[in-house]
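Student: I have not looked at this structure before. Could we go through it in questions and answers?

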Amino acid sequence: MAEIIVREAIAHGLREALEQDENVFLLGEDIGEYDGAYAVTRGFLKDFGPERIRDTPISESGFVGAAVGAALVGLRPIVEIMTINFSMLAMDQIINHAAKFHYMSDGQLTVPMVIRTVTGGGAQLAATHSQSLEGWYASVPGLKVAVPSTPYDALGLLRTSIKDENPIIFAEHALLYGTRGEVPSEYYEVPFGQAAVRREGSDVTIVGYSRMAHIAMEAADILAERGRRAEVIDLRTLRPFDVDTIVESVKKTNRAVVVEETWRTGGFAGEIASEVQEAAFDYLDGPVVRVGGLDVPAPYSGQIEAATIPDASRVVDEIARNFAI
């Protein structure tokens with residue numbers, strides 16, 4: 001079993017898809033000559049040529065719309081939007097077209113496309129480049145949303161995404177590209193809607209996804225030093241999301257905390273908390289706690305930006321304040 005980083009895992013999945021299916025092609029800004037804004041597609045243009053690695057103008061609505069049309073006629077486009085912030089320029093194509101064609105055509109049309117994009121803050125890219133908007137897309141029927149946190153999941157979820165007949169939002173956190181982890185040489189996929197229990201415990205359930213799954217693990221480490229055992233759940237996908245695994249955990253711990261990077265107000269953590277309280281109310285010793293980002297635009301200053309994003313200390317403090325453990 002080899003150790004690779006998230007960037008390499010995604011590149012491996014893309015190469016594999018291009019080699020196995022001639023209907024797969026990539027399009028997006030700077031993915032060819034520039035090798036990708038995050039170097040995921042380094043060398044792809046040389047290896048696969050301009051017909052399958054298509055550099056596009058700075059026109060998110062245009063190239064996402066082109067991908068929707070290509071998917072409708074049988075191709076399997078993989079779009080790269082440089083950051084999820086820019087996906088707002090293509091929201092009409094994503095939400096009003098890609099997500100709805102299957103339903104509005106009574107199942108006659110499918111839109112098998114993957115939109116890879118970069119989410120999250122922490123890199124001092126300021127207010128318009130540091131947002132986590134994947135929860136918005138998870139609220140849209142017709143879309144599926146993947147949020148990998150490890151190289152294993154990045155490759156497994158990408159394989160599942162490329163095979164899916166629906167449009168997929170594949171949100172890669174900017175600060176996780178260098179995250180290292182084991183990936184087997186044997187072929188595998190990670191199914192949607194199946195969370196991973198990263199750590200078993202009996203005192204509190206901490207739910208996270210993407211980079212916040214790592215923050216949840218750090219919080220569990222701090223709690224362990226205090227003699228408390230936290231169970232950590234990494235959601236892997238937001239739509240569908242695996243409420244059953246959370247409920248089973250809450251039956252053991254009787255306490256739940258959801259950690260999310262985006263603004264606490266209107267965040268997807270509210271949906272998770274609501275589902276858990278509906279399904280496991282009798283097992284809870286208190287309300288489901290949400291630890292989210294501060295309700296402010298991301299500051300440019302690194303120190304101030306860091307203060308707006310949940311860290312392990314904040315998670316532990318919220319657990320102590322709400323549950324006295």
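Student: In which sense do strand β2 and β3 pair, parallel or antiparallel?

Tutor: The model is predicted: local features need pLDDT of at least 70, side-chain atom pairs count only at pLDDT 80 or more, and totals for chains, interfaces and linings use all residues. Residues are numbered from 1 along each chain as its sequence is written, and side-chain values use heavy atoms, with hydrogens and water left out. Helices (H or I, at least four residues) and strands (E, at least two) are DSSP runs numbered from the N terminus, and two strands pair if DSSP finds at least two bridges between them. Strand β2, residues 24–28, is joined to β3 by three bridges, and the sense is parallel.

Student: Which residue in β3 is the bridge partner of Leu26?

Tutor: The two strands β2 and β3 pair over three bridges. For Leu26, the bridge partner in β3 is Ile53.

Student: What is the order of the strands in the open sheet?

Tutor: The sheet has seven strands with mixed pairing. Its edge strands, β3 (53–55) and β12 (237–239), each pair on one side only. From one strand to the next the twist averages 20°; here axes are lines fitted to C-alpha atoms, for helices over the stretch in contact, and angles run from 0 to 180 degrees between N-to-C directions. The order is β3-β2-β4-β5-β7-β6-β12.

Student: Which side chain of opposite charge is nearest to Glu29?

Tutor: Glu29 sits in the loop between β2 and α2 (44–48). Among its contacts (heavy atoms within 4.5 Å), leaving aside neighbours within four places in sequence, are Asp55, Phe63 and Met82. Glu29 is buried (under 20% relative accessible area; exposed is over 50%, partly exposed in between, with a 1.4 Å probe and protein chains only) and has no salt bridge (a side-chain nitrogen of Lys or Arg within 4 Å of a carboxyl oxygen of Asp or Glu). With Lys and Arg counted as positive, Asp and Glu as negative, and His and the chain ends not counted, the nearest such side chain is 12 Å away and belongs to Arg116.

Student: Is Ala39 buried or exposed?

Tutor: Ala39 is found in the loop between β2 and α2. Its phi is positive, about 65°, although Ala39 is not a glycine. At 16% relative accessibility, Ala39 counts as buried.

Student: What is the relative accessible area of Arg236?

Tutor: Arg236 lies in the loop between β11 (230–234) and β12. Arg236 is not a glycine, yet has a positive phi of about 70°. This residue is buried, and its relative accessible area is 11%.

Student: Which residue does a cis peptide bond join to Arg239?

Tutor: The partner lies in the loop between β12 and α9 (243–253). Omega is about 0° for the bond, and the residue joined to Arg239 is Pro240.
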